[in-house]
Amino acid sequence: MHSNDHRYCCADCTAMMIPIRDFETAMPIQIRLAQPSDVGGIFRVRTSVNENALTVTELSEMGITEASVMEMIQGAPCAWVACEDAQIVGFSMIDSDEGSLFAAFVLPSHEGKGIGQKLVQAAEEALFSTHTLAWLETAETSRAAGFYRHLGWSNEQDIGEGDIRLEKRRR
């Protein structure tokens with residue numbers, strides 16, 4: 001389906017750019033639609049986090065490989081990256097068919113600067129362009145759960161093994 005909102009319709013369209021200023025370094029941070037060439041940076045961020053840390057091997061065992069992520073990005077607009085200069089410092093990813101936000105990570109050195117919020121906002125806008133309800137799963141006692149609750153995700157449901165499902169409705 002081709003959207004009238006060209007920020008999300010296809011990889012060929014101009015990427016949505018959301019500027020954020022990192023006041024500690026005075027470097028502008030850009031949020032943009034991920035490209036296949038960003039996959040290495042996405043994996044660098046994903047394997048660098050302190051909470052919910054996974055290695056490349058553990059991700060691969062879950063079916064998450066550089067090739068599979070590249071295929072997803074090539075197939076549909078589903079990921080956004082936060083860039084400082086040419087370095088990826090965070091990313092978010094969705095499953096637009098399922099209506100879920102399944103990844104939002106920021107390098108530990110860049111936490112607390114509003115980057116995660118902007119990445120989730122970009123993902124939400126894409127999800128709500130085709131769904132009235134979005135969902136995600138996370139550990140109940142994680143910092144991420146508190147972060148999502150702060151952003152308005154609610155209707156918490158226990159899904160077992162210490163994990164919860166949170167939902168958010170389109171406004």
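**A first look at strand β3 and its surroundings**

Let's start with one pairing: Ser92 in β4 is the bridge partner of Trp80. This is a predicted model, where local features need pLDDT of at least 70 and side-chain atom pairs count only at pLDDT 80 or more, while totals for chains, interfaces and linings use all residues. Residues are numbered from 1 along each chain as its sequence is written, and side-chain values use heavy atoms, with hydrogens and water left out.

**The overall layout**

- The protein has five helices and eight strands (DSSP runs numbered from the N terminus: H or I of at least four residues for helices, E of at least two for strands).
- Reading from the N terminus, the order of elements is β-β-α-α-α-β-β-β-α-β-α-β-β.
- The protein has 171 residues, and 42% of them count as buried (under 20% relative accessible area with a 1.4 Å probe, protein chains only).
- Take the contacts in the protein with a separation of 6 or more (a contact means heavy atoms within 4.5 Å): 56% of them come from residues 24 or more positions apart.

**Strand β3 and Cys83**

- β3 covers residues 79-84, and six of its six residues are buried.
- Ala79, Val81 and Cys83 point one way from β3, while Trp80, Ala82 and Glu84 point the other way.
- Cys83, which sits in β3, counts as buried because its relative accessibility is 7%.
- What does Cys83 touch, leaving aside residues up to four places away in sequence? Its contacts are Pro28, Ile29, Gln30, Arg32, Ile88 and Val89.
- Cys83 and Ile115 are 32 residues apart in sequence, and their C-alpha atoms lie 9.7 Å apart in space.

**From β3 to β4 to β5**

- β3 pairs with β4 (residues 87-95) in the antiparallel sense, over six bridges (strands pair if DSSP finds at least two bridges between them).
- Within that pairing, Ala82 stands opposite Gly90 in β4.
- The β3–β4 hairpin has two residues between its strands, and Asp85 takes a positive phi near 55° there.
- β4 is mostly covered too, with seven of its nine residues buried.
- On to the next partner: β4 and β5 run antiparallel and are joined by six bridges.
- Ile94 stands opposite Leu101 in β5.
- Four residues separate the strands in the β4–β5 hairpin, where Gly99 takes a positive phi near 75°.

**The nonpolar core**

- The largest nonpolar core (buried Ala, Val, Leu, Ile, Met, Phe, Trp, Tyr and Cys residues joined through side-chain atoms within 4.5 Å) has 45 residues, and those touching the most other members are Ile73, Trp80, Phe91, Ile94, Leu101, Ile115 and Trp153.
- Helix α4 (residues 115-128) gives the most to this core, namely eight residues.

**The largest pocket**

- The largest pocket holds about 1200 Å³ of space (an open set of points on a 1 Å grid over the protein atoms alone where a 1.4 Å probe fits, with protein on both sides within 12 Å along at least five of seven lines; points join across faces, edges and corners, and volume is the space filled by probe spheres set on them).
- Its lining has 43 residues (those with an atom within 4 Å of a point), and Asn52, Ala103, Ala104, Phe105 and Tyr148 lie nearest the centre of the pocket.
- Which element gives the largest share of the lining of the largest pocket? That's β5, with six residues.
- Elements that each supply at least two lining residues include α1 (39-46), α3 (66-75), β6 (133-139) and α5 (143-150).

Note on methods
Buried < 20%, exposed > 50% of the residue type's maximum accessible area, 1.4 Å probe, protein only.
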